[in-house]
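User: Could you take a close look at one part of this model for me, the small open sheet, and then walk me on to other local features worth a look?

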Amino acid sequence: MSESERPRAAWSGTRRVPVPVNDPVRSYAPGSPEKLELKARLASMSRERLDVPLIIGGREVRTGNTAQAVMPHDHGHVLADYHKAGAADVEAAIAAAREAHREWSAWPWEDRAAVMLKAAELLTTSWRATLNAATMLGQSKTAFQAEIDSACELIDFWRFNPHYAQQLMAEQPISDHTMWNQAEYRALEGFVYAVTPFNFTAIGGNLPTAPALMGNTVVWKPASSAIPSAYQLMKIYEAAGMPPGVINFVPGDPGPVSGVALSHADLAGVHFTGSTEVFNSMWKTIGENMARYRSYPRVVGETGGKDFILAHASADVAALAVAIVRGGFEYQGQKCSAPSRVYLPRSLAKDVLERVTAMMGEIKVGDVSDFRNFMGAVIDKRAFDRITGYIADAKANARVLAGGGSHGERGYFIEPTLVEAPRPDYRLMCEEIFGPVVTLWIYDDARWHETLDLVDATSPYALTGAVFAQDRRALREAISGLRHAAGNFYVNDKPTGAVVGQQPFGGARGSGTNDKAGSVLNLLRWVSARSMKENFAPPREYGYPFMTEA
Ligand code: NAD
């Protein structure tokens with residue numbers, strides 16, 4: 001009997017994954033061990049220049065067609081040369097995913113969960129400083145912004161998703177003494193194509209691993225502007241014992257990579273986060289290729305936002321002002337959840353604006369390795385040009401209340417900027433800017449109800465939003481009037497900073513399919529249920545009682 005034919009006993013006993021708890025956010029206060037470790041890792045990784053290959057079926061592939069990954073806050077500093085995938089490499093990645101699928105999809109789900117739990121533990125301990133430093137240097141996040149993303153949120157995804165998978169597996173149909181009905185949660189037939197954005201390392205980690213947990217194998221195209229952290233993720237999977245071919249890493253130009261992946265007969269699903277425009281184009285390509293596919297691909301996409309803060313005249317002004325500053329400007333406003341349109345009642349406007357502009361005056365923008373900086377650089381030249389273009393429009397057509405400056409010579413730095421809109425439908429109130437620009441509209445207190453309608457109708461997106469009020473009737477009106485305006489809605493809090501297990505994240509309308517990352521709703525998309533009926537007492541005669549005439 002060969003080794004591969006040797007019968008393997010299945011585990012006897014119902015296994016339970018550890019009860020997940022949100023990973024505590026470390027402070028990085030002066031003298032703390034985490035700060036010393038992170039500073040050391042920032043220094044050592046700044047001195048390295050990585051050569052990042054594709055990883056296909058566990059093998060490193062160097063195509064020789066390379067591009068550079070640089071620090072956004074020091075764009076002459078190259079962190080990595082990465083190899084770009086061509087069509088043949090994507091074909092090979094799909095073949096490797098199909099090959100790995102046979103074994104991986106047949107594993108008991110608990111063994112797949114163990115890989116995620118091990119990855120979480122590695123990231124909590126020995127990999128934490130490395131992934132945070134890669135995120136800080138490559139994506140220009142401050143220590144705190146990296147910590148809540150590449151450490152805490154990703155650790156939470158990897159610990160909570162097994163817990164949700166366990167809940168899903170326990171969902172079984174009813175039976176009786178004559179029959180046993182069972183639900184089997186099969187992996188999708190084919191491969192899942194995961195396409196991830198630059199702005200959250202945790203999303204780069206979650207989009208391939210959530211389908212993988214459910215037994216799928218994945219072709220992963222990371223964002224070209226987040227290569228160093230994406231590459232470290234592949235190393236973590238390897239260290240956690242993930243078999244080769246389960247996640248295949250194919251950085252490259254999106255057009256050619258997606259061209260092959262989206263037209264392949266074995267495409268079983270797309271797990272995307274990024275802009276609405278790109279998602280729409282992918283959906284169109286999928287529609288055009290419909291006749292080729294073996295199954296209907298599951299298409300999951302979380303996309304853009306034009307997130308709001310609406311203040312009522314009864315709002316707590318100090319809390320409101322902090323929410324505008326933290327929500328609007330942390331990570332340079334490059335969060336899909338960042339509030340970028342604010343509605344202020346005239347009675348509070350002066351007080352709120354004084355507080356907000358005072359805080360903005362204190363904010364330091366610069367190199368994220370200097371922990372005194374509250375903001376780093378925006379991701380790349382394209383983003384810099386787009387955002388400064390919006391600011392130029394504001395200078396010409398609106399009123400810039402604070403900020404407005406930018407300098408891109410060394411790093412792509414843009415000052416936090418506050419704009420007062422001349423009209424509520426001014427383009428900076430409607431379009432996603434994805435930068436540190438907050439635009440506000442001052443409304444007459446008496447027009448509260450009209451303003452609710454305005455907030456609801458102003459943008460095509462519906463991702464996040466917040467209302468600030470002490471008056472309970474006003475809160476009730478906002479909660480019900482803005483029911484479809486945001487998939488994540490906050491009362492007296494900023495609309496950023498969703499926590500796995502607490503505020504499952506996603507929006508509707510132009511903001512995506514709202515499949516709530518880090519929840520059972522998302523995992524449901526990556527399984528195809530099989531219903532099985534086993535009859536303990538099958539009928540032995542074909543006739544029915546009604547056929548007898550009395
Ligand atoms: P992006 O759309 O430019 O890129 C996202 C990914 O798509 C990248 O991997 C990119 O290479 C790839 N891509 C680009 N063009 C493509 C094409 N034609 N075909 C296939 N793939 C293509 O987005 P980004 O700049 O990386 O991220 C910012 C956007 O992501 C914002 O719109 C933001 O709101 C959104 N976002 C949404 C969420 C959410 O949960 N809703 C979370 C984070 C970011």
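**The three-stranded sheet and beyond**

Analyst: Happy to. In this predicted model, three strands form an open sheet in the order β1-β5-β4, and their pairing is mixed. Its edges are β1 (50-52) and β4 (66-71), each of which pairs on one side only. Direction ignored, neighbouring strands of the sheet are turned by 40° against each other on average.

Let's look at one of the pairings in detail. β1 and β5 (residues 74-83) run parallel and are joined by three bridges. If you would like a residue pair to centre your view on, D51 stands opposite D81 in β5.

From strands we can move on to a pair of helices. Helix α10 (residues 317-329) packs against helix α11 (residues 346-362) at an angle of about 45°, and their axes are 9 Å apart. Because of that angle, α10 counts as oblique to α11. The crossing of α10 past α11 is right-handed.

Which residues make this contact? On the α10 side they are V317, A318, L320, A321, V322, I324, V325 and F329, and they meet L348, D351, V352, R355, V356, M359 and M360 in α11. Sorted by character, the residues of the contact of α10 with α11 comprise 13 nonpolar and two charged ones, with no polar residue.

Finally, two loop residues deserve a stop if you check backbone torsions. As background, most residues other than glycine have a negative phi. S140 has a phi near 60°, a positive value in a residue other than glycine. This serine sits in the loop between α4 (128-139) and α5 (143-170). Is S140 buried or exposed? S140 counts as buried because its relative accessibility is 0%.

The other residue is F434, whose phi is also positive and near 60°, again in a residue other than glycine. You will find F434 in the loop between α13 (427-430) and β18 (437-443). With a relative accessibility of 17%, F434 falls under the 20% cut-off, so F434 counts as buried.

To retrace the tour on your screen, start at D51 opposite D81, go on to the right-handed crossing of α10 and α11, and end in the loops that hold S140 and F434.

Conventions
Residues are numbered from 1 along each chain as its sequence is written. This is a predicted model: local features need pLDDT of at least 70, side-chain atom pairs count only at pLDDT 80 or more; totals for chains, interfaces and linings use all residues. Side-chain values use heavy atoms; hydrogens and water are left out. Helices (H or I, at least four residues) and strands (E, at least two) are DSSP runs, numbered from the N terminus. Buried means under 20% relative accessible area, exposed over 50%, partly exposed in between (1.4 Å probe, protein chains only). Two strands pair if DSSP finds at least two bridges between them. Axes are lines fitted to C-alpha atoms, for helices over the stretch in contact, and angles run from 0 to 180 degrees between N-to-C directions. Angles under 35 degrees count as roughly parallel, over 145 as roughly antiparallel, 65 to 115 as roughly perpendicular and the rest as oblique. A crossing is left-handed if the near helix is turned anticlockwise from the far one by less than a right angle, and right-handed if clockwise. Contact means heavy atoms within 4.5 Å. Ala, Val, Leu, Ile, Met, Phe, Trp, Tyr, Cys and Pro count as nonpolar, Asp, Glu, Lys and Arg as charged, and the others, Gly among them, as polar.
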